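User: Please take a close look at one part of this structure, going slowly, and then carry on to the parts where the backbone or the side chains deserve a second look.

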Amino acid sequence: MHRSLVRPFMGARGFSSTPEKIVASVLFERLPVVIPKLDPVVYAFQEFSFRWRQQYRRKYPDEFLDMSKSRGKGDYQIDYVPAPRITEADKTNDRKSLQRALDRRLYLLLYSDSNAAPSRKPVWHFPEKVYDSEETLRKCAESALASVLGDLSHTYFVGNAPMGHMVIQQMENVPEPFKRFFFKSQVIDTNKFNIRKCKDFVWVTKDELLEYFPEQAEFFKKMIIS
């Protein structure tokens, strides 16, 4: 059973003499590596459309078609062998590997101390950092991800504005409310990272991610589009 981190909250705006705590979180994703399989309904429609168009296609002269068939097979020809869609990491459910769920997006989760757990008990959460003196909130998010990966050479932040936010209400294990802003970043040109500063980590699909945050499932369903 996974311990939850955050709880969406909406209430009356209050005023305080102390600065409001802000946390920048990073939704770090690996984009699909292979084209997802078509839905059977979509495939059936495409087949129907193709056969329908074939009835009205242009008829080319036979000599023209013979010319195209007689083209030589030079050294440039390469026999294409598609890579397997199911990898060893899929078979063993190795969630530490990026070589799985190749037709889906994967998201990085960390198991360590979190700003939402002052008791210092480790929980599952996204890469994050409390906003301090950074020039912008995105700079804070970049710093959060860099502290986990070591550098940002294989990452790309999508835009300067956050993709969503939630307000964390005051609870027994959260002495003060704060706001968490989510920034999106993507994996670029690599299939392995040296993840550090955490007890454990996983790369999960959207459906798997919801298992780690059951209380916030509806929020993440709306924020994460994949």
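**A strand and its partners**

Analyst: Strand β6, which covers residues 164-168, is joined to β7 by five bridges, and the two run antiparallel. The model is a predicted one, and what follows should be read with that in mind. Within this pairing, histidine 165 is the residue that stands opposite phenylalanine 181 of β7. Strand β5 (residues 155-157) also pairs with β7 in the antiparallel sense, here over three bridges, and phenylalanine 157 stands opposite serine 185 of β7. The pairing with strand β1 (residues 21-30) is parallel and is made by nine bridges, and in it serine 25 has phenylalanine 182 of β7 as its bridge partner.

Is strand β7 enclosed or open to its surroundings? Of the ten residues in β7 (residues 178-187), eight are buried, and the strand is therefore largely enclosed by the rest of the structure. When following its side chains, it helps to recall that in a regular strand the side chains alternate between the two faces of the sheet.

Two side-chain arrangements involve residues of this region. Lysine 21 lies over the face of phenylalanine 178, 5.2 Å from the ring centre, and these two residues belong to β1 and to β7 respectively. Phe182, the partner of serine 25, is a member of one aromatic cluster together with Phe126, Phe213, Phe219 and Phe220. The count of aromatic pairs in the model comes to 14. One of them is made by phenylalanine 219 and phenylalanine 220, which meet edge-to-face with 5.3 Å from centre to centre and 75° between the planes. Phenylalanine 220 has a relative accessible area of 1%, and because burial is set at under 20% it counts as buried.

Turning from the strand to the loops, threonine 87 sits in the loop between α2 (62-69) and α3 (88-92), where it is buried at a relative accessible area of 14%. A polar atom of the threonine 87 side chain lies 2.5 Å from the backbone oxygen of glutamine 99, and threonine 87 is in contact with Gln99, Arg100 and Leu102 once its neighbours within four places in sequence are left aside. Its C-alpha is 8.2 Å from that of alanine 101, a residue 14 places away in sequence.

Alanine 101 belongs to the loop between α3 and β2 and is buried, at 11% relative accessible area. Asparagine 93 is found in that loop, which runs from α3 to β2 (106-112), but its 42% relative accessibility makes it partly exposed. Both deserve attention for their backbone angles, since most residues other than glycine have a negative phi. Asparagine 93 has a positive phi near 55°, while alanine 101, likewise not a glycine, has a positive phi of about 45°.

Strand β2 itself contains serine 112, which is buried with a relative accessible area of 10%. Its side chain forms a polar contact of 2.8 Å with the side chain of histidine 125. Beyond residues up to four places away in sequence, serine 112 touches Lys121, Pro122, Val123 and His125, and also Lys197, Cys198 and Lys199.

One further charge-over-ring arrangement completes this view: the charged end of lysine 96 sits over the ring of phenylalanine 201, at 5.6 Å from its centre.

Methods: Residues are numbered from 1 along each chain as its sequence is written. This is a predicted model: local features need pLDDT of at least 70, side-chain atom pairs count only at pLDDT 80 or more; totals for chains, interfaces and linings use all residues. Side-chain values use heavy atoms; hydrogens and water are left out. Buried means under 20% relative accessible area, exposed over 50%, partly exposed in between (1.4 Å probe, protein chains only). Helices (H or I, at least four residues) and strands (E, at least two) are DSSP runs, numbered from the N terminus. Two strands pair if DSSP finds at least two bridges between them. Contact means heavy atoms within 4.5 Å. A polar contact is a pair of N or O atoms within 3.5 Å; within protein, one must be able to donate a hydrogen and the other to accept it, and residues adjacent in sequence count only if both atoms are side-chain atoms. Rings of Phe, Tyr and Trp (its six-membered ring) pair if their centres lie within 6.5 Å; planes under 30 degrees apart count as stacked, over 60 as edge-to-face and the rest as tilted. A charge sits over a ring if NZ of Lys or CZ of Arg is within 6 Å of the ring centre and within 35 degrees of the ring normal.
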